[in-house]
Amino acid sequence: MEISALRDLLEGEVLCGEDRLDDEIETLFASDMMSDVLACPDEIHCLLTGLINQQVIRTADMMDIGLVVFVRSKRPSEEVVEMARQRDMVIILTPCRMFTACGRLYEAGLGLR
Amino acid sequence: MDTVKLVYEIDGDNFSAAGEASTAVKRVLKKLKLPSAIVRRAVICMYEGEINMVIHADGGRAYVDVDEEKIVIRLEDRGPGIPDIDKAMQEGWSTASAEARNSGFGAGMGLPNMKRNSNDMKIETELGVGTTVTMTILFGGEAS
Ligand SMILES: Nc1ncnc2c1ncn2[C@@H]1O[C@H](COP(=O)(O)OP(=O)(O)OP(=O)(O)O)[C@@H](O)[C@H]1O
Ligand SMILES: [Mg+2]
């Protein structure tokens, strides 16, 4: 699925990385625990999380995750968005709760076993 | 390839900045054109260890040495030490503060993940003095 399709499914707002909306994503990981993300042995294209601090961006960076979705309209600071921009990441803000966001994306075929 | 030696001060009082050294290490390793799987393993080890130094100890110093065959990461802190290493190595065991948990850490997954991603991990610790974690990532070897 292209990132733009994910944005539409989640009624999302793109906070940075507008030029990468046609990138393809297949795998998704959802967690509020960063060491869970860091322990994932598989390639993750998209991270969904309810946390909005700097460590989310650093964790995504270490795992080469190109897309971060912040759920429940929790808006990160401009500093966090700037960190993501510098790393060429896409950030999307969605009004959906974690459960709903995961449900919609799972139905659309995204996920990790 | 020449031997590369890096040293970073880790500030124990600044959670927001935790991970800056790991970011810098990632940049250097990529510049050295190491395989991406090796870079991934090294930065996971470094980042989990760096976070531990900030949330469990009082910061300290990170040494990263790269030569033709391996990366050695040595993290030295001046924290409280680890009373029971076997327990600390268990997945899910954590003494992290509520603040650390609310910030996405404290699942008790870091040390086991550092061990998995390195070919060798050694923990030297003394109560009240500090902890040194040394991890080796071999270019030839698989993750353990
Ligand atoms: N540098 C350190 N100094 C003192 N204690 C430590 C240090 N590193 C780890 N520990 C102890 O070992 C426990 C387990 O560490 P580990 O990294 O596996 O999990 P965590 O940091 O609690 O949570 P997570 O890594 O999942 O965010 C910690 O909760 C802490 O009690
Ligand atoms: Mg940890």
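Select Arg85(A) to begin: with a relative accessibility of 38%, this residue counts as partly exposed. The model on display is a predicted one, and the tour moves from this arginine to the other charged pairs, then to the cysteines, the loops and a few separations along the chains.

**Stop 1: Arg85(A) and its partners**

Keep Arg85(A) selected and add Glu78(A). The two side chains meet in a salt bridge, at 3.3 Å from N to O. Next add Glu82(A), which also forms a salt bridge with Arg85(A); here the closest N and O atoms are 2.7 Å apart. Colour helix 4 of chain A, residues 78–86, to see how this second pair is arranged: Arg85(A) and Glu82(A) are three residues apart in that helix, and therefore about one helical turn separates them. Glu82(A) counts as partly exposed, at 32% relative accessibility.

**Stop 2: a salt bridge between the chains**

Which residues does the network of shared salt-bridge partners join? Select Glu43(A), Asp61(A), Asp64(A), Arg87(A), Lys26(B) and Arg40(B): salt bridges with partners in common link these residues into one network.

Within that selection, centre the view on Lys26(B) and Asp61(A). They form a salt bridge whose closest N and O atoms lie 2.9 Å apart. The pair crosses from chain to chain: Lys26(B) belongs to helix 1 of chain B (residues 20–31), and Asp61(A) to helix 3 of chain A (residues 54–62). Are these two residues buried or exposed? Both Lys26(B) and Asp61(A) are buried. Over all chains, the count of salt bridges comes to 17.

**Stop 3: Asp64(A) and Glu11(A)**

Move to Asp64(A), a member of the network just visited. This residue is found in the loop between helix 3 and strand 4 (67–70) of chain A. Asp64(A) has a positive phi of about 55°, although it is not a glycine. Its relative accessible area is 37%, so Asp64(A) is classed as partly exposed.

Now select Glu11(A) for a second backbone of this kind. Glu11(A) is not a glycine either, yet its phi is positive, at about 50°. Look for Glu11(A) in the loop that runs between helix 1 (3–9) and strand 1 of chain A.

**Stop 4: the acidic patch of chain A**

Show the surface of chain A and select Glu2(A), Glu18(A), Asp19(A), Asp22(A), Glu24(A), Glu26(A) and Asp88(A). Together they form a negative surface patch. Pick out Asp22(A) from this set; its place is the loop between strand 1 (13–16) and strand 2 (28–30) of chain A. Asp22(A) has a relative accessible area of 51%, which makes it exposed, because that class begins over 50%.

Stay in this loop and select Thr27(A), which is also placed between strand 1 and strand 2 of chain A. Is Thr27(A) buried or exposed? Thr27(A) counts as buried, since its relative accessibility is 15%. Draw a distance from its C-alpha atom to that of Ala84(A): the separation is 19 Å, for residues 57 positions apart along the chain.

**Stop 5: the cysteines**

Show the cysteine sulfur atoms. How many disulfides does a search of the whole structure find? The search finds zero over all chains. Select Cys46(A) and Cys102(A) to see one case: the sulfur of Cys102(A) is the closest cysteine sulfur to that of Cys46(A), but at 9.2 Å it is too far away for a bond. Cys46(A) counts as buried, with 0% relative accessibility.

In chain B, select Cys45(B), which takes part in no disulfide; the nearest cysteine sulfur, in Cys40(A), is 16 Å away. Cys45(B) likewise has 0% relative accessibility and counts as buried.

**Stop 6: two positions in chain B**

Select Lys115(B) in helix 5 of chain B, residues 110–117. At 43% relative accessibility, this lysine counts as partly exposed. Add Ser22(B), which is 93 residues from Lys115(B) along the chain; their C-alpha atoms are separated by 17 Å.

End at Leu138(B), located in strand 5 of chain B (residues 130–138). Leu138(B) is partly exposed, its relative accessible area being 36%. A last distance, between the C-alpha atoms of Leu138(B) and Asp65(B), comes to 12 Å, with their positions 73 residues apart along the chain.

Key: Residues numbered from 1 in each chain as written. Chains lettered and ligands numbered in written order. Predicted model: local features only at pLDDT ≥ 70, side-chain atom pairs only at ≥ 80, totals over all residues. Heavy atoms only, no water. Patch = residues over 30% accessible without salt bridge, like charges linked within 9 Å, V, L, I, M, F, W, Y side chains within 5 Å. Areas by Shrake-Rupley, 256 points an atom, 1.4 Å probe, with all protein chains shown as cover. Salt bridge = Lys/Arg side-chain N within 4 Å of Asp/Glu carboxyl O. Lys, Arg positive; Asp, Glu negative; His and termini not counted. Charge placed at Lys NZ, Arg CZ, Asp CG, Glu CD. Helix = DSSP H or I, 4+ residues; strand = E, 2+ residues; numbered from the N terminus. Buried < 20%, exposed > 50% of the residue type's maximum accessible area, 1.4 Å probe, protein only. Disulfide = S-S within 2.5 Å.
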